[in-house]
Amino acid sequence: MSSAPKLSLVTIWTPAKDDVALSYAIKLTNNGPGPLSGFKLGVSGPARIDPHAEVEGGTLQVRLSNHSLFVPPAGFVLEPGQTWTVTARGLSYGLRHWSDGANSAYVVLADGSMVIVGTAPTQAIGSNAPLLKGAARFPMPAKAPVDVSIIPWPKNVSTTGSRSVPAGLDLKPEGDAAGKAAAAFTTLVADLFPVEGLVRSAAEGGMPVLLQSKSGLGPEAYDIAFAQDAVTISATAQTGLLYGLITVGQILRGAKQHPLTLVFPSGGTISDEPGLVWRGSHLDVARQFYSSAEVSRLLKLMAWNKMNRFHWHLSEDEGWRVEIDAYPQLTAIGAWRGHGKALPPLLGSGPHPTGGFYTKTAIRDLVALGQSLGIQIVPEIDIPGHCYAALVALPELRDPNEIGEYQSVQGFPNNCLNPAHEPVYKFIETVIDEMLEMFPGGIFHLGADEVPLAAWSGSPLALALLEKLAGKAIADKHRSLLNSVGNLHGADEIEGSGTAILQAYFIKRVHAYIASRGAITGGWEEAAHGNVVDKAKTYLVGWRTVEANAALAAEGYDIVASPGQRYYLDMANSLSWSEPGAGWAGWSGPEETYEFEAREGWSPDKLKHLLGVQACIWSEPMTDRAIFDRLVFPRISAIAEAGWTTPERKSWKRFSAFAGMMPIMYGNWAEA
C-alpha cells in the first residue's frame, strides 16, 4: 500500500514596482519519495485571482471568488524534491498583509483522492519582519492615571480612600430584578474568570454587596456607594444593576492583580449612564463559522464591556447559518463547503466538508443569554445581494430564463435574489416569519449592501419590471451591461441605474412586510437608496465614510455609526505586512480606533438621529483564531468606551493603562 504524497506550499507576493507588474507565486514542493502527475492544486484564502488574470506555469481551471483550482501543463511530472510554480499576474483582491494569501491548499490526485497540503504564511518580497498574531499586550503602568480600573469609564467617579482588597463579593439582592442581575453576574464571572472567585459567600470572605431598586434612573444607569464594610448598588432596571456589578467586579480584579497601583475604595460614589443608546458588535459567522460556544463567549465579553446590541450576520455568499424549517436545503447545502460540494473551499476552509449552522434551539438559548446580559440580538439575512449560498441551495429562486453572468465585488457570479421573480418574496416572507419567532427583539436586518451594477441584466423578468418602472431606455441600458467586465460596485454608486431602481423596488416591498409584522427594519446604508423606507421604522448602519453617516442623518435616518476606516475590526492594526487583517478600507490601530469620535462635526439636529456605534467583525482573515484575538482586542473595548463615555471624559492614557485587564476571546496573546 503506497503512502500519501508529502507536499508543502509556499506563496510569495511581489508588489508592483516601477514598470514591473505585481505577481502572486504559488509554489508546490514534492517532499515525498515518488513522482506526482495528473494532479490538480486547490488553494483558498482572502486573495482573489482575477478570472482574466495572466497565469504562468499552469492553467486556472476553476475560480470562484478566492477559491482557485490549478492544473499543470499536459504531461507535467513533479519529481521528488522539485517545486512547481504557478504565477498569477492580476488579482481582483491584492495582498496587503501576510494573512491575505492562501491559508489552505490541497491536491486532487489522478485517482480522485485528496491530499491536504501544509501551507506556510505568504511571504512578501521586501518584508522580513516577524509575523504578528495574538492580542497586543498592554501592561499596567507602575503609576496609573487613576486608581480604579474601569472600562468603559463612567460618567462620574468620586471614590475615596482604600481598604484591604476583598477576597470576593457576597451579593445581597433585594427584589426580582436584583436577583436576576445577581444570577447573571455570578454566571458571567464564573465563565470569564473561572478560578478567581469574584463571587463568594461571607463564609469564604465575600464582602457584602447590596443590590437595591431606585426609581428615576435610565434602564442602564446605576449608582454605587462604597463604604468600609459594604458596597451598595442602586438602579431602576435589571441591566443597570448588572452594569453596576460589572463595574465593581472590574475594580476588584484590578485591585487584586495590581495592589501597588490600584485600590478598592473605602468611600465615595460612582454614578453612571451610557452616552449612546446603541453600543454594538457585529459578527460575520458566514465567512468563518463560529460554534454556539464561541458566540456565547463573545456575548459575555460584550457584556463585560457594557455593550448592548449583537448584530448577528447569518448569511453570505460563502454560507447560510440559520435553520429554517420551510427550507432545509439552506443548511443541508448552503452551510457546508468542500471540494466537490456546491460551495467549494473558501477562505481557508479546506477540501473536506467544513461549516455548520445554528439550530433553532441553539439560537433560542443564545437569545436568552443575551437577554440576561442586557444584550439584544439583531439577526441579519443579507438580501438581495450576497445570496450565492442561498441560490445554490434553492436554484428555483432564479429567473429560469436568465442568461449571462454578472460578478459581485467579492467574485461571486449571479449572486442576487431577483426582485421580479415572485417565488423570491414567498421565500423572504417565510424566512422573516421564522426569524422573528426566534428573535423576539422586533428587528430584522435585511442587509441591502453591495448589489452589483449589472445585477439581473440578463433576466427577462427583471428587465420587464424595470421597463415598467422606469421606461424602455433605462431597461435597454441595463440590458447592455450583460457580461460586462468591471461592474463590481454597489448599485447605490450610480443614481438612477437599472439595478438601483430594481433594488429600491425590492427593499420597499420587503420593508413593508417587516413593518406589517410589527418589526423595525435594519439595513446597511445602501438600504436608503431610492428613499423608499419609512424612516420611523428603519435604522441604518453607516459603513463607508463619516460624511455619508452625517448626510443620512441629515435626511432623517437613524444611524448606527460603523465606518470601515475605524470600526471594521477585520482591518489591520497598521500598514505593515507583518500585521494580519484586511486593508481595503485602510487601517486603524487601537489608539486610532479609540480616538475616533463618531459625533464630531454633527449638528444637534443630526445628533438626534445618531443611535450609537458598532464594531463590525468581518471574518475573512480569521481562519486562525489567533488573528481574531489580534484584530478584535482591545479595539472592541475602545468602541465600547466610545459608545458609553462622553467625548470629554475619554482618555487614551487611562484606557491603555487598563486595556490589558480586559478578557479576550481565545486567550491568544502576542509574544512579549
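**Helix packing, aromatic pairs and backbone features**

Helices α7 and α10 cross in a right-handed sense. In this predicted model, the axes of α7 (residues 422-438) and α10 (residues 498-516) come within 11 Å and cross at roughly 35°. On the α7 side the contact is made by E422, V424, Y425, I428, E429, I432 and D433, and on the α10 side by Y505, F506, R509, V510, Y513 and I514. Classified by residue type, the contact of α7 with α10 comprises nine nonpolar and four charged residues, with no polar residue.

Helix α3 (residues 292-304) was examined for its length and its burial. With 13 residues at 1.5 Å a residue, α3 should span 18 Å, and the 19 Å between its end C-alpha atoms agrees with this expectation. The helix is mostly covered, 10 of its 13 residues being buried; among them are E294, V295, S296, L298 and L299, as well as K300 and W304. Just after α3, the backbone at K306 takes a positive phi of about 55°.

Aromatic side chains form 28 pairs in the model. In one of these, Y568 and W584 meet edge-to-face, with 6.0 Å from centre to centre and 80° between the planes. Both residues lie in the loop between α12 (564-567) and α13 (590-595), so the pair ties together parts that are 16 residues apart in sequence. The two partners are recorded with unlike accessibility classes, Y568 being buried with a relative accessible area of 3%, whereas W584 is partly exposed with a relative accessible area of 41%. The rings of Y594 and W652 have their centres 5.8 Å apart and their planes at 55°, and the pair is therefore tilted. This pair links distant parts of the chain, since Y594 belongs to helix α13 and W652 to helix α17 (residues 652-658), 58 residues apart. Both Y594 and W652 are buried. In addition, F289, F310, W312, Y358 and F439 form one aromatic cluster.

Cis peptide bonds were found at two prolines, P152 and P634. The bond that joins I151 and P152 has an omega of about -5°, and P152 is placed in the loop between β12 (123-124) and β13 (156-160). The bond from F633 to P634 has an omega near 5°, and P634 is situated in the loop between α15 and α16 (635-644).

Positive phi values also occur in loop residues other than glycine, including S65 and N531. For S65, phi is near 55°; this residue lies in the loop between β6 (59-64) and β7 (67-71) and, at 1% relative accessibility, counts as buried. For N531, phi is likewise near 55°; N531 is located in the loop between β27 (520-524) and β28 (538-542), where, at 46% relative accessibility, it counts as partly exposed.

A further loop residue, S619, lies between β30 (610-617) and α15 (625-632). Its relative accessibility is 0%, and S619 therefore counts as buried, the limit for that class being under 20%. Leaving aside residues up to four places away in sequence, S619 touches L283, D284, R287, Q288 and Y290.

Note on methods
Residues are numbered from 1 along each chain as its sequence is written. This is a predicted model: local features need pLDDT of at least 70, side-chain atom pairs count only at pLDDT 80 or more; totals for chains, interfaces and linings use all residues. Side-chain values use heavy atoms; hydrogens and water are left out. Helices (H or I, at least four residues) and strands (E, at least two) are DSSP runs, numbered from the N terminus. Buried means under 20% relative accessible area, exposed over 50%, partly exposed in between (1.4 Å probe, protein chains only). Contact means heavy atoms within 4.5 Å. The expected span of a helix is 1.5 Å times one less than its number of residues. Axes are lines fitted to C-alpha atoms, for helices over the stretch in contact, and angles run from 0 to 180 degrees between N-to-C directions. A crossing is left-handed if the near helix is turned anticlockwise from the far one by less than a right angle, and right-handed if clockwise. Ala, Val, Leu, Ile, Met, Phe, Trp, Tyr, Cys and Pro count as nonpolar, Asp, Glu, Lys and Arg as charged, and the others, Gly among them, as polar. Rings of Phe, Tyr and Trp (its six-membered ring) pair if their centres lie within 6.5 Å; planes under 30 degrees apart count as stacked, over 60 as edge-to-face and the rest as tilted.
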